[in-house]
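Trainee: Please choose one part of this structure and take me through it slowly, explaining each term when it comes up. I would like to see how that part relates to its surroundings.

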Amino acid sequence: MMRRILQPIWVLLAIIFLIEAWLWDHLEPIVAWFVALIPLRAFKQWLADRVDTLSPAMTLIVFVVPVIPLFPLKLVGFWLLAHEHWMSAVLTIILAKFLGVGVAAFVFDVTRDKLLEMNWFEALYDFVIEVRAKASELVDPIKSRIREALGGDGSGSGWSSRTLRLIQRFRKSVHEAR
């Protein structure tokens with residue numbers, strides 16, 4: 001009985017987790033593309049050189065600190081929401097989310113090796129990867145049922161397939177530009 005009640009909650013949590021993971025995976029190449037446009041490539045190299053000289057604990061601070069200034073942006077979004085500025089609120093919250101995940105992915109790319117030197121962080125990282133795989137297992141059957149309900153015959157036709165191919169082409173061009 002309890003398992004049946006909790007199943008939708010687990011599915012919702014899995015979907016939220018997978019959305020976060022998807023954002024992480026897909027925003028990192030876009031942030032890297034912006035880094036290539038703006039002279040931040042030198043900054044990334046400078047940061048990587050500095051991280052190499054830091055202890056793993058200090059590297060954790062380098063990883064966490066850049067995301068902290070984005071918190072007030074989320075508060076502004078919620079303030080706009082409370083004052084019924086719906087579009088501005090939604091756009092601000094989405095912008096803060098994308099910026100937060102993008103910056104975290106960029107900084108994690110630079111600090112990953114040093115952070116993984118800490119046993120507890122490596123265990124946490126492995127746990128997150130494991131949860132991501134389990135979330136995918138939980139959500140994949142639901143995604144298949146949704147595709148079937150929308151008439152997805154697996155032939156790769158339709159607007160959603162074209163849109164996904166367009167996104168994949170863009171990601172590939174961004175990834176190759178790095």
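**A close look at helix H5**

Mentor: Lys114 has its place in helix H5, where a helix is a DSSP run of H or I with at least four residues, a strand is a run of E with at least two, and both are numbered from the N terminus. The model is a predicted one, in which local features need pLDDT of at least 70 and side-chain atom pairs count only at pLDDT 80 or more, while totals for chains, interfaces and linings use all residues. Residues are numbered from 1 along each chain as its sequence is written, and side-chain values use heavy atoms, with hydrogens and water left out.

Before going further into helix H5, it helps to place it in the whole. The chain has seven helices and zero strands, and read along the sequence it gives the pattern α-α-α-α-α-α-α. Of its 178 residues, 22% are buried, where buried means under 20% relative accessible area, exposed means over 50%, and partly exposed lies in between (1.4 Å probe, protein chains only). If we take contacts, meaning heavy atoms within 4.5 Å, between residues at least 6 apart in sequence, 77% of them join residues at least 24 apart.

Lys114 itself is a good place to start. Lys114 counts as buried because its relative accessible area is 15%. Not counting residues up to four places away in sequence, Lys114 touches Val51, Asp52, Leu54, Ser55, Pro56 and Thr59. With Thr59, the two positions are 55 residues apart in sequence, yet their C-alpha atoms are 6.8 Å apart in space.

Thr111 also lies in helix H5, and with a relative accessible area of 0% it is buried. Once its neighbours within four places in sequence are set aside, Thr111 is in contact with Val51, Thr59, Val62 and Phe63; Val51 and Thr59 were also among the partners of Lys114.

Now follow helix H5 back towards lower numbers. Ala104, another residue of this helix, is buried at a relative accessible area of 10%, and its C-alpha is 6.6 Å from that of Val67, although the two are 37 residues apart in sequence. Thr92 belongs to helix H5 too and counts as buried, since its relative accessibility is 15%. Leaving aside neighbours within four places in sequence, Thr92 is in contact with Leu73, Val76, Gly77 and Leu80. Of these, Gly77 is 15 residues away in sequence and 5.1 Å away in space, C-alpha to C-alpha.

Helix H5 also holds a charged pair. Side chains of opposite charge can pair when their charged atoms come close. Here the side chains of Asp109 and Arg112 form a salt bridge with an N to O distance of 4.0 Å, the term meaning a side-chain nitrogen of Lys or Arg within 4 Å of a carboxyl oxygen of Asp or Glu. Both residues lie in helix H5, three residues apart, which is about one turn of the helix. A search of the whole structure finds one salt bridge. Asp109 is partly exposed because its relative accessibility is 29%, and Arg112 is also partly exposed, at 28%.

Let us look at what lies at the borders of helix H5. On one side, Glu84 sits in the loop between helix H4 (71-82) and H5. Glu84 is not a glycine, yet it has a positive phi of about 60 degrees. Most residues other than glycine have a negative phi, and most peptide bonds are trans. Glu84 counts as exposed because its relative accessibility is 58%.

On the other side, Glu117 is found in the loop between helix H5 (86-115) and helix H6 (119-149). Together with Asp49, Asp52 and Asp113, Glu117 forms a patch of negative charge on the surface. A patch is made of residues with over 30% relative accessible area and no salt bridge, like charges being joined within 9 Å and nonpolar side chains (Val, Leu, Ile, Met, Phe, Trp, Tyr) within 5 Å. The accessible areas come from the Shrake-Rupley method with a 1.4 Å probe, and for residues only the protein chains shown count as cover. Lys and Arg count as positive and Asp and Glu as negative, with His and the chain ends not counted; each charge is placed at NZ of Lys, CZ of Arg, CG of Asp or CD of Glu. Asp52, a member of this patch, is also one of the residues that Lys114 touches.
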